[in-house]
Amino acid sequence: MQAAWLLGALVVPQLLGISHGARGADREWEGGWGGAQEEEREREALMLKHLQEALGLPAGRGDKNPEGTPEGKGTWSTEEDGQGEEEEETTTSPTLGPSPSPTPEDTVTYILGRLAGLDAGLHQLHVRLHALDTRMVELTKGLRQLREAAGDTRDAVQALQEAQSRAEREHGRLEGCLKGLRLGHKCFLLSRDFEAQAAAQARCTARGGSLAQPADRQQMEALTRYLRAALAPYNWPVWLGVHDRRAEGLYLFENGQRVSFFAWHRAPSPEPGAGPSTAPHPLSPNQPNGGTLENCVAQASDDGSWWDHDCERRLYYVCEYPF
């Protein structure tokens, strides 16, 4: 047994010296790879283990200082540990090697993370979509309210227009009877604006009346006196509410009633002793003479005779208002 201890005491320090020398060389080589150093340490530990088994030494015996052994020989494990710590502190070069391939667990974790991100994004989209839907409902409601308000405003404007039309008709009726000629249940008012026959009828209607429609000879004579007094000393043709636009020779009032009497202009009679002449008078021919080209009737302001004219000719006109 003493011979075995003696052999261990002689061989182990030499092996440790060789190991320390190798580690010293590793420390002098800057930029060495950490993997090679680790393999060297594992090789030394394996050789030490085999040596202990060959000598029959118990495992871990070298970590203690046995009695009777020199102090320097019993502390070889402590010095090795200290040198290993110094070597780890001074070695700072990174270990370069191939990156590890991902495991199935890593792949599943990555996929779950991406799915969680997509789910969060989808949730945000749903929140925004809900906000847009809410805003759309509010806008639709506001638009419906605006349409209802516009409809109410349109109805109010239409009512105002109708009220204005009624007021204008009433004003025209009152003006016609106050400023014009009152005759029975109707009033006549002369307008000194030049208008075509249809436009004159429209203006009379807007004022609550119509173009003059003398129903009998008494009204005709009264209207003649009114026009002569208003336009003297001149002779102006004035539109009446009489026309034959529907059929040639069929004269109607503007209200559709058929005219029962006429006051057509007639050419002057020849002088006494002169023979009869078949040629028409060049300045005042017998009326009506326009045929289908002249379908509207105007009254002369000087003698009250009727003349047919082109309906588009612009003349004075006289309106008739109910009283």
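These legends describe close-up views of a predicted model.

**View 1. Three disulfides are found in the whole structure**. Number the bonded cysteines of the chain in sequence order, and the pairing reads 1-2, 3-6, 4-5. The next three views take the bonds one by one.

**View 2. C177 is bonded to C187**. The two sulfur atoms sit 2.2 Å apart. This disulfide links distant parts of the chain, 10 residues apart. C177 belongs to helix α5, residues 104-179. C187 belongs to strand β2, residues 186-195. The torsion about the S-S bond of C177 and C187 is about 100°, so this disulfide is right-handed. Both C177 and C187 are buried.

**View 3. C204 is bonded to C319**. Here the sulfur atoms are 1.9 Å apart. The S-S torsion of C204 and C319 is about -70°, which makes the disulfide left-handed. C204 lies in helix α6 (residues 197-206) and C319 in strand β8 (residues 315-322). The pair therefore ties together parts that are 115 residues apart in sequence. C204 is buried, and C319 is buried as well.

**View 4. C296 is bonded to C311**. The S to S distance is 1.9 Å. C296 is in strand β6, residues 296-300. C311 is in the loop between β7 (306-309) and β8. The pair links distant parts of the chain, with the two positions 15 residues apart in sequence numbering. The S-S torsion of C296 and C311 is about 100°, so the bond is right-handed. C296 has 0% relative accessibility and counts as buried. C311 has 12% relative accessibility; because the cut-off for buried is under 20%, C311 counts as buried too.

**View 5. Strand β2 pairs with β1** **and with β8**. Strand β1 covers residues 181-183. β1 and β2 run antiparallel and share 3 bridges. Among the contacts of this pair, L183 has K186 of β2 as its bridge partner. The two strands make a hairpin with 2 residues between them. G184, in the turn, has a positive phi of about 65°. β2 and β8 are also antiparallel, joined by 7 bridges. E195 stands opposite L315 of β8. β2 is mostly covered, with 7 of its 10 residues buried. Strand β2 also holds the disulfide cysteine C187, and strand β8 holds C319.

**View 6. W236 and Y316 form a tilted aromatic pair**. A search of the whole structure finds 9 aromatic pairs. In the pair of W236 and Y316, the ring centres are 5.2 Å apart. Their planes meet at 35°, so the pair is tilted. W236 lies in the loop between α7 (217-231) and β4 (237-247), while Y316 lies in strand β8. The pair therefore ties together parts that are 80 residues apart in sequence. W236 counts as partly exposed, at 33% relative accessibility. Y316 counts as buried, at 11%.

**View 7. Y251 and W264 meet edge-to-face**. Their ring centres are 5.1 Å apart. Their planes lie at 65°, so the pair is edge-to-face. Y251 is in strand β5 (residues 250-253), and W264 is in the loop between β5 and β6. The pair therefore ties together parts that are 13 residues apart in sequence. Y251 is buried, with a relative accessible area of 7%. W264 is buried too, with a relative accessible area of 15%. Y251 and W264 belong to one aromatic cluster, together with F261, F262 and W306.

**View 8. The buried residues of helix α7 pack against several strands**. α7 has 15 residues. From its first C-alpha to its last, α7 reaches 21 Å, close to the 21 Å expected at 1.5 Å a residue. At the start of α7, a side-chain oxygen of D216 reaches to within 3.3 Å of the backbone nitrogen of Q218. The buried residues of this helix are Q219, M220, A222, L223, T224, Y226, L227 and L231. They pack against β1, β2, β4, β6, β7 and β8. Those partners include both strands of the hairpin, β1 and β2.

How values were computed: Residues are numbered from 1 along each chain as its sequence is written. This is a predicted model: local features need pLDDT of at least 70, side-chain atom pairs count only at pLDDT 80 or more; totals for chains, interfaces and linings use all residues. Side-chain values use heavy atoms; hydrogens and water are left out. A disulfide is a pair of cysteine sulfur atoms within 2.5 Å. Helices (H or I, at least four residues) and strands (E, at least two) are DSSP runs, numbered from the N terminus. Buried means under 20% relative accessible area, exposed over 50%, partly exposed in between (1.4 Å probe, protein chains only). Two strands pair if DSSP finds at least two bridges between them. Rings of Phe, Tyr and Trp (its six-membered ring) pair if their centres lie within 6.5 Å; planes under 30 degrees apart count as stacked, over 60 as edge-to-face and the rest as tilted. The expected span of a helix is 1.5 Å times one less than its number of residues. Contact means heavy atoms within 4.5 Å. A polar contact is a pair of N or O atoms within 3.5 Å; within protein, one must be able to donate a hydrogen and the other to accept it, and residues adjacent in sequence count only if both atoms are side-chain atoms.
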